[in-house]
Amino acid sequence: MCKENTGFKNHITENSAVSKKGLRCQICTGCGLCPGVTLESSTTGGLRVLAEDALLGMRLSIESAKRLVVADVGTTTVAMLLYAGDGNVEERFVAVNPQTRYGADVISRIRAAEDRSAAKDMQDQILHVLRQGLARFQGRLKEGEELFLVLAANTTMTYLLMGWDPAELGHAPFQAARLDSVETKVCGVPCFVFPGLSAFVGGDIVAGIYASGMCEKGLTLLLDLGTNGEIVLGNSEKRIACATAAGPAFEGGVNKGIWGADMISLLARLRREGVLDETGLLAEPYFTEGIRIGNVRVTKEAVRSVQLAKGAIAAGIETLLKRFGADVKEIERVVLAGGFGYYLHPKSAADIGLFPRELTDRTVTGGNTALSGALLAGKYILTGGTCRSFDKLLKETVLRTEVLNLAEDPGFEQCYLNRLTLDCF
């Protein structure tokens, strides 16, 4: 039986890394909405996205005859927001992606889609979820109003939504023939779908690039960490993007009872207390059974899961810096995307080598950057622009963004092995 370390006994309740902020769900769907959302006392009873203010720096007025809906169709969750004309979120809809019955990751679903009946079922499932959200929002409309949807998704989710065969995404050379933006109708509602960059860097990341202001500012690092970890480094002149297989560690991983961001904070503290060494080994008597901290047991398996994920991200960052020809000190801002990023303490992340310590004070929370990018797109389209003109604007972003296949980079494997230690970058 593992002994409890009384020195860590109250860590879970006392450490701000795991305290509540906003409306943190008891069961996390990883949608990235809860972290930046808080109830707003208003006559409409609406919701205000606080993380959006930090990222965009303003509240966007959307005066239009059409009401804007933005959607992030993720591998695990679907998140949708309905905006009021003053730019506040009036209603939201979040659901687990029912396609998870075909597998938790995109590769499983690509393989499942080889059966055309399964592919059709996955398309029907995601359309059903979107229809539910749109139906809820339509109940908010006044006479004469109608909805307009802007949707961002990873490449596989876009393929399945549109009914395209995703087979090419699942085998070498992992090419995607359909990466352009799409104007379509979803459940009868006009919809603009963000373009993607590659088979594994999709429209959600393009939306994140747009929302982060990377195309207009100095060197920015965008980290969107989930089952797939997408990283983009760039500025107004050029950008380089890559995807890493982070696994489930950042979304609960082996320890289902604790968020990945919280686990990183725990590992950082265990390192400081000397209970965990840089190789990821727990000191005796905790090596075999793990150490209980509050209501969480940290096991060697959980530590290893985080190590593998953080090693992939750190190696991805280092590889992008080399490819870009830049030094860490040149990065002006780091944007952490999604719910994981909101709760992640930059110092704890730096302590275990997730990213360079020099970036701690340059890190901002981006919230759900896919939704923020969709918001900017919707405002552009509904207040004087068109889908076609916005697509032209995005094409410039896509053309100046290189996608790096880390598996083909000659130095990545060794870099990855070097970054597995729980030490400073």
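## A tour of aromatic pairs and a helix crossing

Start with the whole chain in cartoon view: its secondary structure comes to 13 helices and 16 strands. The model is predicted. Of its 425 residues, 56% count as buried. Now consider contacts with a separation of 6 or more: residues 24 or more positions apart account for 67% of them.

**Stop 1: the aromatic rings.** Show the side chains of Phe, Tyr and Trp. How many aromatic pairs does a search of the whole structure find? The search gives 8. Each such pair is described by the distance of the centres and the angle of the planes.

Select Tyr-159 and Trp-164. Their ring centres are 5.3 Å apart. The planes stand at 90 degrees, over the 60 that edge-to-face requires, so this pair is edge-to-face. Tyr-159 and Trp-164 are both buried.

**Stop 2: a pair that links distant parts of the chain.** Select Phe-194 and Phe-390. Here the ring centres lie 5.9 Å apart, with the planes at 85 degrees, so this pair too is edge-to-face. Phe-194 sits in the loop between strand 8 (189–193) and helix 6 (203–212). Phe-390 belongs to helix 12 (residues 387–399). The two are 196 residues apart in the chain.

Are these two rings' residues buried or exposed? Phe-194 has a relative accessible area of 2%, so it is buried. Phe-390 is at 0%, and is buried as well.

Now extend the selection. Add Phe-192, Tyr-210 and Tyr-380: with Phe-194 and Phe-390 they form one aromatic cluster.

**Stop 3: helix 11 against helix 12.** Keep Tyr-380 and Phe-390 on screen and show helix 11 (residues 369–382) beside helix 12. Two packed helices are described by the angle between their axes and the distance between the axes. Here the angle is about 135 degrees and the axes are 8 Å apart. Why is helix 11 called oblique to helix 12? The angle of about 135 degrees falls between 115 and 145, so it counts as neither roughly perpendicular nor roughly antiparallel. The crossing is right-handed.

Next, pick out the contact residues. Helix 11 contributes Ala-377, Tyr-380 and Ile-381. From helix 12 come Cys-387, Ser-389, Phe-390 and Leu-393. Tyr-380 and Phe-390 thus appear in this contact and also in the aromatic cluster.

**Stop 4: charges over rings.** Select Lys-238 and Phe-324. The charged end of Lys-238 sits over the ring of Phe-324, 4.4 Å from the ring centre. Finish at Arg-419 and Phe-425. The charged end of Arg-419 lies over the Phe-425 ring, 4.0 Å from its centre.

Terms used:
Residues numbered from 1 in each chain as written. Predicted model: local features only at pLDDT ≥ 70, side-chain atom pairs only at ≥ 80, totals over all residues. Heavy atoms only, no water. Phe/Tyr/Trp six-rings, centres within 6.5 Å; stacked < 30°, edge-to-face > 60°. Buried < 20%, exposed > 50% of the residue type's maximum accessible area, 1.4 Å probe, protein only. Helix = DSSP H or I, 4+ residues; strand = E, 2+ residues; numbered from the N terminus. Lys NZ or Arg CZ within 6 Å of the ring centre and 35° of its normal. Axes fitted to C-alpha atoms, helices over the stretch in contact; angles between N-to-C directions. Left-handed = near helix turned anticlockwise from the far one by under 90°. Contact = heavy atoms within 4.5 Å.
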